[in-house]
Amino acid sequence: MKNPFLISLYMFIFSCSLSLLLGNPVYSQTTSSDKIEYLYPANKEKVFDETVDAFYQALRDLKYPIHQEFYQRYMQKPKQQQQQRDLDTALFKEIPDASVNIRKKLLFNEVERLNYITIDGNILRPYPDIDINYHQTVSPDRQVYFFYSFIDTEKEFRGRYAIYDVETKEMVAGGGTYMPKLNLTRNT
């Protein structure tokens, strides 16, 4: 059982493994937490003259090239793929006869305080349920336009929101929801 070939093979594998373990160490470069580089960095000190209502109207009129491009891409889709609610969410449009319409210019870290709590029968649900920790490309100190529109009745909750960057006019978050409310009754 003292095969010289097997012994030399084991020695070779052992020496390769040992050299990998003791070889050049890998150093990682870390950045301090206060030097996070955001795609949308803080701009709370900058002054932007456009009001939130003026931006909303410019959005509806497709004044900015970024919104014109989005609209053109939407119109190039086949008719069966076009859904008006997608367009109304991406180029925010308030819901007709909404219970509440909100238009605000604020810092991104203030957005999560504007969640609305509704109940679908037996469960409380926040909407739009924005947690800025999940939006790591936007600095908490970035100025944004926040639009929010919803209808909350006994039978349903329908909502739509959009967050646009004040400086670039790009949408950084948005969406819509429909929640039928359960009418739970117990037969006793």
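A residue is called buried when its relative accessible area is under 20%, exposed when that area is over 50%, and partly exposed in between (1.4 Å probe, protein chains only). By this criterion, buried residues make up 32% of the 188 residues in the protein.

The model is predicted, so local features need pLDDT of at least 70 and side-chain atom pairs count only at pLDDT 80 or more, while totals for chains, interfaces and linings use all residues. Residues are numbered from 1 along each chain as its sequence is written, and side-chain values use heavy atoms, with hydrogens and water left out.

**Overall view**

Begin with a cartoon representation. The protein has four helices and six strands, where helices (H or I, at least four residues) and strands (E, at least two) are DSSP runs numbered from the N terminus. Along the sequence, the elements follow the pattern α-α-α-α-β-β-β-β-β-β. Contact here means heavy atoms within 4.5 Å. Of the contacts with a separation of 6 or more, 64% are accounted for by residues 24 or more positions apart. A surface representation exposes about 13,400 Å², of which carbon and sulfur atoms supply 53%; accessible areas come from the Shrake-Rupley method with a 1.4 Å probe, and for residues only the protein chains shown count as cover.

**The nonpolar cores**

Next, select Phe 108, Val 111, Phe 146, Tyr 148, Tyr 161 and Ile 163, the residues with the most contacts inside the largest nonpolar core, which has 19 residues. Such a core is a set of buried Ala, Val, Leu, Ile, Met, Phe, Trp, Tyr and Cys residues joined through side-chain atoms within 4.5 Å. Strands S1 (100-107), S4 (143-152), S5 (156-165) and S6 (171-180) each supply at least two residues of this core. The largest share, four residues, comes from S4.

Centre the view on Ile 163. Leaving out residues up to four places away in sequence, Ile 163 touches Phe 108, Val 111, Ile 130, Val 144, Tyr 145, Phe 146, Glu 170, Met 171, Val 172 and Ala 173. Another core, of 16 residues, lies apart from the 19-residue one; among its members are Val 52, Tyr 64, Phe 92 and Val 166.

**Aromatic rings**

Display the aromatic side chains. The structure holds 14 aromatic pairs. Rings of Phe, Tyr and Trp (its six-membered ring) pair if their centres lie within 6.5 Å; planes under 30 degrees apart count as stacked, over 60 as edge-to-face and the rest as tilted. Select Phe 150 and Phe 157: the ring centres are 5.5 Å apart and the planes are at 35 degrees, so this pair is tilted. Both Phe 150 and Phe 157 are buried. Then select Phe 55, Tyr 56, Tyr 64, Phe 92, Tyr 145, Phe 147 and Tyr 164, which ring pairs link into a cluster.

**Salt bridges**

Nine salt bridges are found in the whole structure, each being a side-chain nitrogen of Lys or Arg within 4 Å of a carboxyl oxygen of Asp or Glu. Select Arg 142, which is buried at 4% relative accessibility. Arg 142 forms a salt bridge with Asp 165, with the closest N and O atoms 2.6 Å apart. This pair links distant parts of the chain, 23 residues apart: Arg 142 is in the loop between strand S3 (124-127) and S4, and Asp 165 is in strand S5. Asp 165 is also buried, at 0% relative accessibility.

A salt bridge also joins the side chains of Arg 142 and Glu 167 (3.4 Å, N to O). Glu 167 lies in the loop between S5 and S6, so its pairing with Arg 142 ties together parts that are 25 residues apart in sequence. Glu 167 is partly exposed, at 32% relative accessibility. Adding Lys 46 to the selection completes a network of salt bridges that links Lys 46, Arg 142, Asp 165 and Glu 167.

**The S1-S2 loop and a surface patch**

Move to Glu 112, in the loop between strand S1 and strand S2 (116-119). Glu 112 is partly exposed, with a relative accessible area of 31%. Beyond its neighbours within four places in sequence, Glu 112 is in contact with Ile 130, Asp 131 and Ile 132. The C-alpha atoms of Glu 112 and Asp 131 are separated by 5.9 Å, although these residues are 19 residues apart along the chain. Select also Glu 110 and Arg 113, which form a salt bridge with the closest N and O atoms 3.8 Å apart. Glu 110 is partly exposed at 26% relative accessible area, whereas Arg 113 is exposed at 63%.

Finish at Ile 117, in strand S2, which is partly exposed with a relative accessible area of 47%. Together with Ile 119 and Leu 124, Ile 117 forms a nonpolar surface patch of about 290 Å² accessible area. Patches are made of residues with over 30% relative accessible area and no salt bridge; like charges are joined within 9 Å, and nonpolar side chains (Val, Leu, Ile, Met, Phe, Trp, Tyr) within 5 Å.
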